[in-house]
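These are my notebook entries on one structure. I looked up a few items and wrote down what came back.

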Amino acid sequence: MLKLLAERRGTLWFLLYGSIFHIGLFGIADVILNFYFVSLGYDTQTISALQSLSRLAGFVTSLPISLIANRIGSRRTIALANYGILIAMLLPILVPQLAMVAFSRFLLGFVYGAQQIASAPLMMTLVPKDERTRFFAYNNVMTLAAASLGNLIGGHIPAWIDPLQPQSTHAYGVTLLIATAITALCIIPFSLIRTDAIPARRVAPLSGTEQRRTWGYLAFLSLPMLLFGFSGGLTFPFYNLFFRTQFNLSDDMVGTVISIGWMGMALIPAFNPFWERQFGRARALAITMAVASVGFFVLGLAAALPLAVVAFFIGIGFRNVNQPLYQPLLLDSLPTELHNNAIGVSILLWNIGWFTSTALSGTLQVTIGYGAIMQLVAVTVLLTGLGVLAIFRKPRMIPSMQSALD
């Protein structure tokens with residue numbers, strides 16, 4: 001890792017950028033946000049609807065953003081998205097009315113979607129092909145370890161702000177403001193990444209038929225992300241409510257438990273280079289998704305907190321192997337000029353799955369309960385791995401793309 005950072009300074013700034021970003025947005029803010037919504041008086045169905053809006057925005061805007069990123073570059077797209085994310089984080093604190101909170105969630109989905117679409121293509125330009133799996137693994141370790149630290153700290157901040165009423169709107173609001181301020185610091189290291197290291201090649205415009213075949217092929221390669229997003233939308237926006245409800249935990253304990261899970265998401269994918277060497281990317285994804293499925297199955301049945309925490313660690317840790325292996329698997333099968341479009345299509349399908357399950361989750365929590373939801377997640381995670389294996393074991397190449405790759 002030190003050799004990679006020493007030889008390519010842009011990788012250092014990108015890893016530092018992602019770490020700070022995750023401490024604020026996915027660390028402190030993520031563990032507190034639903035509690036803030038509860039303090040504002042919103043019920044489970046309303047919170048479910050609010051959480052689904054960000055994925056609705058991603059669904060609507062993924063493809064247009066990918067085309068914009070092609071024109072203005074990955075780095076500039078992320079730079080603009082960073083400022084949009086800060087605005088989206090501030091709005092529900094400054095104007096906590098339902099309409100503004102809903103708008104902020106939609107805006108966050110739009111700008112965070114842009115950040116997601118442009119990040120993987122930018123990472124691909126920062127390192128040579130044989131270093132990509134390792135770099136994606138390093139990025140995953142650092143960013144999610146940072147998010148874990150943010151979760152751990154975030155659960156305690158409301159009590160530090162207001163020891164007498166730690167579950168008050170004021171305590172949660174100030175905590176979210178702190179999270180926004182920390183997230184803003186990520187702009188500093190990102191500004192030190194001067195340019196995309198390897199510019200995309202210019203190619204001749206494709207005919208209408210070739211364009212349709214190309215977009216169809218990208219959708220085919222991205223199909224596993226539909227199920228992957230569905231499994232995420234059922235769980236990730238609601239883990240804090242799950243542990244508070246199922247085990248009657250305090251906010252600081254919820255933050256501690258979730259930080260353990262995020263640490264699993266950081267540490268387990270760190271072995272991606274080993275699994276890739278042993279099994280290949282596609283088979284490694286199928287195996288790790290099967291292990292994750294077992295974790296979620298046990299989590300749905302666990303009656304004791306220690307067993308639930310272990311299952312949680314295994315479930316989300318092995319599930320998270322998907323992204324840092326799937327993205328280089330996807331992008332290495334395509335020419336550089338299609339990278340933004342490919343990530344745009346995969347995130348489009350991911351958002352469709354996430355939005356659908358998040359919108360349903362509030363009703364499912366009331367009707368079938370968290371245990372049955374975890375069983376459903378176990379099935380969809382397993383199918384995600386099998387889908388990757390089926391699609392990428394022998395990737396098919398359309399003629400226009402084969403010539404581009406040659």
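How many salt bridges does a search of the whole structure find? The search finds 3. I took a salt bridge as a side-chain nitrogen of Lys or Arg within 4 Å of a carboxyl oxygen of Asp or Glu.

Before going on, I noted that this is a predicted model, where local features need pLDDT of at least 70, side-chain atom pairs count only at pLDDT 80 or more, and totals for chains, interfaces and linings use all residues. Residues are numbered from 1 along each chain as its sequence is written, and side-chain values use heavy atoms, with hydrogens and water left out.

**Entry: salt bridges**

I looked up E276 and found a salt bridge with R281, with the closest N and O atoms 2.7 Å apart. R281 also pairs with D332, and there the closest N and O atoms are 3.1 Å apart. D332 sits in the loop between α17 (322-331) and α18 (339-367) and R281 in helix α15 (residues 281-301), so this pair ties together parts that are 51 residues apart in sequence. Helices here are DSSP runs (H or I, at least four residues), numbered from the N terminus. E276, R281 and D332 are thus recorded as linked in a network of salt bridges.

Are D332 and R281 buried or exposed? Both are buried. For this I used relative accessible area: buried is under 20%, exposed is over 50%, and partly exposed is in between (1.4 Å probe, protein chains only). R281 has a value of 12%. E276 is partly exposed at 23%.

Away from that network I noted D251, which forms a salt bridge with R244, the closest N and O atoms being 2.7 Å apart. D251 counts as buried, at 7% relative accessibility.

**Entry: the loop residue N248**

I checked backbone angles and wrote down N248, which has a positive phi of about 55° although it is not a glycine. N248 lies in the loop between α12 (239-247) and α13 (251-267). At 70% relative accessibility, N248 counts as exposed.

**Entry: the nonpolar core**

Which residues have the most contacts inside the largest nonpolar core? They are Y239, F243, F296, L330 and F392, in a core of 112 residues. Helix α2 (residues 9-39) supplies the largest share of this core, 15 residues. A nonpolar core here is a set of buried Ala, Val, Leu, Ile, Met, Phe, Trp, Tyr and Cys residues joined through side-chain atoms within 4.5 Å.

I then listed the contacts (heavy atoms within 4.5 Å) of F296. Leaving out neighbours within four places in sequence, the partners of F296 include Y239, R319, M374, V377 and V381.

**Entry: three buried residues**

T235 is in helix α11 (residues 224-235). T235 is buried, at 2% relative accessibility. Not counting residues up to four places away in sequence, T235 touches M374 and V377. A polar atom of the T235 side chain lies 3.0 Å from the backbone oxygen of S231.

N322 belongs to helix α17. With a relative accessible area of 1%, N322 is buried. Apart from neighbours within four places in sequence, N322 contacts M225, F228, L285, M289, Q327, T384 and V388.

I78 is in helix α4 (residues 74-94) and is buried at 0% relative accessibility. Once residues up to four places away in sequence are set aside, I78 touches Y17, Q115, A118, S119, L122 and F190. For one of these, S119, I noted the C-alpha distance to I78: 7.1 Å in space, with their places 41 residues apart in sequence.

**Entry: the nonpolar patch**

Which residues make the nonpolar surface patch of about 380 Å²? I recorded L227, V379, L382, L383 and L386. Patch residues have over 30% relative accessible area and no salt bridge, and nonpolar side chains (Val, Leu, Ile, Met, Phe, Trp, Tyr) are joined within 5 Å. Areas come from the Shrake-Rupley method with a 1.4 Å probe.

Helix α19 (residues 369-392) gives the most to the patch, with 4 residues. L383 lies in this helix and is partly exposed, with a relative accessible area of 39%.

**Entry: L16**

L16 is in helix α2 and is partly exposed at 36% relative accessibility. L16 and R212 are 196 residues apart in sequence, and their C-alpha atoms are 39 Å apart.

Definitions and conventions. Patch = residues over 30% accessible without salt bridge, like charges linked within 9 Å, V, L, I, M, F, W, Y side chains within 5 Å. Helix = DSSP H or I, 4+ residues; strand = E, 2+ residues; numbered from the N terminus. Polar contact = N/O pair within 3.5 Å; in protein donor to acceptor, adjacent residues only side chain to side chain.
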